[in-house]
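Here is a short tour of one protein chain. Keep the sequence and the model side by side as you read.

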Amino acid sequence: MNRAVRLGSLRSLAFLNRGTKSTASLEQSLLKTSRQYSTSKNPINVGPGFYNFRGDFKVMMMNIQTQMSLILLPNGKYLVVDTIELTKDTKKEIDELTDGGRIIESVIGTHSFHTTHFEAFHKSYPDADYYGTPRHLKNIKKIDWKGDLSDPSTRRKWNPDVEIRITEGSEFINPYPSNRLSSAWVFHKPSKTIHINDTVMYAEDPGFLFRMIGVKKQKMTIHPSIHGYGLKDHPEAPFEFRDFVNKAIIDWDFDNMVMAHVDNKLGGAKELLKETVEEYEPVFKRLHTIKKMIQ
Ligand SMILES: [Fe+2]
């Protein structure tokens with residue numbers, strides 16, 4: 001994102017003046033950051049107070065990317081959503097945004113199987129409050145987790161600017177190992193952005209591997225595990241999932257979706273997600289019929 005767009009975003013920061021930092025100082029610190037990052041890939045300033053970082057993630061020699069987002073909260077502190085490898089450059093960028101990590105309030109893990117980089121992140125930023133999926137808490141013992149996202153009170157912690165919902169029709173607490181469909185969706189109102197891992201993916205120009213699993217150019221794809229263990233066993237699960245997505249489309253005023261994996265959809269995300277759910281209707285119906293037959 002170029003500097004002009006960043007500055008445009010900064011102008012709409014007036015609503016953030018509800019916490020410990022003044023709008024002016026927030027704008028100044030972000031302006032400083034904008035200048036420093038105007039030519040670098042990371043972070044992408046998606047909208048006011050929303051920074052998306054892309055990280056490398058290789059599957060069969062192909063870099064399908066993974067992600068982390070930093071959300072500026074009304075109190076002037078940051079909520080970190082997911083973690084990526086802390087390369088020297090990435091750490092430098094995070095440190096500059098967050099005053100060396102001192103204004104990172106919380107770190108959350110939204111997907112049961114996106115766990116790799118949490119320990120290293122915690123080592124670098126041990127003073128934040130950490131929240132994850134139940135699987136994060138079960139498998140990463142070195143972090144003193146403050147709670148998990150299956151608890152509605154945890155999901156409400158950053159309201160009203162940030163809303164978090166868990167996909168329905170899919171197991172979140174104890175997911176089958178191949179279930180990549182289930183995740184917590186994080187919606188940031190001021191930037192009109194949803195952060196999603198795996199449940200839905202988007203590729204500008206998918207490579208061979210992604211084309212093999214049905215990913216189409218400039219289209220969104222629901223994770224293929226929907227056809228396997230992604231959904232719960234009962235016949236209504238496909239429709240519960242579909243209705244969850246439709247409710248997000250109705251309730252949330254979003255324009256952008258940042259996604260692992262492969263690309264982000266910046267601008268026009270709501271229309272494309274709506275189109276995607278409509279296109280998948282025969283799939284939801286077929287899965288319903290199959291589940292009914294084998295019940
Ligand atoms: Fe993933």
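Which residues of helix 3 (residues 88-98) are buried? They are Glu-93, Ile-94, Leu-97 and Thr-98. A residue counts as buried if 20 or more other C-beta atoms lie within 10 Å of its own, as exposed if 12 or fewer do, and as partly exposed in between, with C-beta atoms placed from the backbone. Seen down the axis of helix 3, the buried residues fall within an arc of 115°, so they line one face of the helix. The arc is taken from the directions that run from the helix axis to the C-beta atoms. An α-helix has 3.6 residues a turn, so residues three or four places apart point the same way. On the other side of helix 3, Lys-88 and Asp-89 are exposed. Asp-99 follows helix 3 and has a positive phi, near 55°.

**Basis and overall make-up**

This is a predicted model: local features need pLDDT of at least 70, side-chain atom pairs count only at pLDDT 80 or more, and totals for chains, interfaces and linings use all residues. Residues are numbered from 1 along each chain as its sequence is written.

The protein has ten helices and 15 strands. Both are DSSP runs numbered from the N terminus: helices are H or I with at least four residues, strands are E with at least two. Of the 295 residues, 41% count as buried. Among contacts with a separation of 6 or more, 57% come from residues 24 or more positions apart. Two residues are in contact if their C-beta atoms, placed from the backbone, lie within 7 Å.

**The open sheet**

Seven strands form an open sheet in the order 1-2-5-6-7-8-9, with mixed pairing. Two strands pair if DSSP finds at least two bridges between them. The edge strands are strand 1 (44-47) and strand 9 (147-148), and each pairs on one side only.

Strand 7 (residues 104-108) and strand 8 (residues 129-132) are parallel partners over three bridges. Ser-106 stands opposite Asp-129. Val-107 stands opposite Tyr-130 in strand 8. From strand 7 the chain crosses through helix 4 (residues 118-124) to strand 8, and this β-α-β crossover is right-handed. Right-handed has a set meaning: with the strands pointing away from the viewer, the path from the first strand over the helix to the second runs clockwise.

Strands 8 and 9 run parallel and are joined by two bridges. Gly-132 has Asp-148 of strand 9 as its bridge partner. Strand 8, helix 5 (residues 134-139) and strand 9 make a right-handed β-α-β unit.

**Strand 11 and its neighbours**

Is strand 11 (residues 184-188) enclosed or open? Five of its five residues are buried, so strand 11 is largely enclosed by the rest of the structure. Ala-184, Val-186 and His-188 point one way, while Trp-185 and Phe-187 point the other. Strand 11 has antiparallel pairings with strands 10 and 12.

| Partner of strand 11 | Bridges | Residue pair |
|---|---|---|
| Strand 10 (residues 162-166) | five bridges | Arg-165 with Trp-185 |
| Strand 12 (residues 193-203) | three bridges | Thr-193 with His-188 |

The hairpin of strand 11 and strand 12 has four residues between the strands. There, Lys-192 takes a positive phi near 55°.

Ser-150 lies in the loop between strand 9 and helix 6 (152-155). Ser-150 is partly exposed, with 16 other C-beta atoms within 10 Å. Ser-150 and Ala-184 are 34 residues apart in sequence and 8.9 Å apart in space, C-alpha to C-alpha. Not counting residues up to four places away in sequence, Ser-150 touches Pro-134, Phe-172 and Ile-173.

**Helices 8, 9 and 10**

The axes of helix 8 (residues 237-251) and helix 10 (residues 281-293) come within 8 Å and cross at roughly 150°. That makes helix 8 roughly antiparallel to helix 10. The contact is made by Ala-237, Pro-238, Phe-239 and Arg-242 of helix 8 and by Phe-284, Leu-287, His-288 and Lys-291 of helix 10. Axes are lines fitted to C-alpha atoms, for helices over the stretch in contact, and angles run from 0 to 180 degrees between N-to-C directions. Angles under 35 degrees count as roughly parallel, over 145 as roughly antiparallel, 65 to 115 as roughly perpendicular and the rest as oblique.

In helix 9 (residues 269-279), the buried residues are Ala-269, Lys-270 and Leu-273. Seen down the axis of helix 9, they fall within an arc of 95°, so they line one face of the helix. The face turned away from that buried side carries the exposed residues Glu-271, Glu-278 and Glu-279. The buried residues of helix 9 pack against several elements, including strand 12, helix 8 and strand 14 (256-262).
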